[in-house]
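User: Could you take a close look at one part of this model for me and walk me through its surroundings? I would like one connected account rather than a list.

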Amino acid sequence: SFSTLTVTISYQTIQMAHGDKFCIDLLSSTDTDNNNNGLSSSWHHEEECYEFGVDFENGFWYDDVGVEFELEEEDTTSLSVRWSVMGGGGGDLLLDWVKVVAYP
């Protein structure tokens, strides 16, 4: 079983505006059925967000930006990582590479 998940990215944004942000979301699930047949599960959500003008500016590549998520349940059976861009600026998030590492 794993206790920590690290997501590291290289990214650039274009046309993001004040108040826009992007988030790295982690969704993990655990089997809550004692028979371990996967019929019922419990979901846990965490996110790390980066805001334009505070954490980044448009037109620059940011390398080795990482976030570490602590997995709260030892019996995690499923992990999903996603990126979301929020705001009215209509900006884009460009990903050059993504590295996901799980640690015991």
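**A close look at strand β1 and its partners**

Analyst: Happy to! Of the 104 residues in the chain, 31% are buried. Please keep in mind that this is a predicted model; the mean pLDDT of the chain is 84, with 83% of residues at 70 or more. Strand β1, which spans residues 4-14, is where confidence is highest, at a mean of 94, while strand β3 (residues 41-51) has the lowest, at 81.

A little context first. The chain has six strands and zero helices, so to speak of its order along the sequence is to read β-β-β-β-β-β. Among contacts with a separation of 6 or more, 76% link residues that are 24 or more positions apart. The accessible surface adds up to about 6,300 Å², and carbon and sulfur atoms provide 46% of it.

Now to T13, which sits in strand β1. With a relative accessible area of 0%, T13 counts as buried, because the cut-off for that class is under 20%. What does T13 touch, leaving aside neighbours within four places in sequence? Its contacts are F56, E57, N58 and G59, together with D92 and L93. One of these partners, N58, also meets T13 through the side chains, in a polar contact of 2.9 Å. On another side of the sequence, G91 lies 78 residues away from T13 along the chain, yet their C-alpha atoms are separated by 7.0 Å.

Q12 belongs to strand β1 as well. Is Q12 buried or exposed? Its relative accessible area is 12%, and Q12 is therefore buried under the 20% cut-off. Not counting residues up to four places away in sequence, Q12 is in touch with G59, F60 and W61, and also with D92, L93 and L94. G59, D92 and L93 thus appear among the contacts of T13 and among those of Q12.

Two of the residues that Q12 touches, W61 and L94, lead us out to the surface. Together with I14, W61 and L94 form a nonpolar patch there, with about 260 Å² of accessible area between them. L94 is part of strand β6, residues 92-103. Its relative accessible area of 33% makes L94 partly exposed, because this value falls between the 20% and 50% limits.

To draw the picture together: T13 is buried at 0% and Q12 is buried at 12%, whereas L94, a contact of Q12, is partly exposed and contributes to the nonpolar patch with I14 and W61.

Definitions and conventions
Residues numbered from 1 in each chain as written. Predicted model: local features only at pLDDT ≥ 70, side-chain atom pairs only at ≥ 80, totals over all residues. Heavy atoms only, no water. pLDDT = per-residue confidence, 0-100. Helix = DSSP H or I, 4+ residues; strand = E, 2+ residues; numbered from the N terminus. Buried < 20%, exposed > 50% of the residue type's maximum accessible area, 1.4 Å probe, protein only. Contact = heavy atoms within 4.5 Å. Polar contact = N/O pair within 3.5 Å; in protein donor to acceptor, adjacent residues only side chain to side chain. Areas by Shrake-Rupley, 256 points an atom, 1.4 Å probe, with all protein chains shown as cover. Patch = residues over 30% accessible without salt bridge, like charges linked within 9 Å, V, L, I, M, F, W, Y side chains within 5 Å. Salt bridge = Lys/Arg side-chain N within 4 Å of Asp/Glu carboxyl O.
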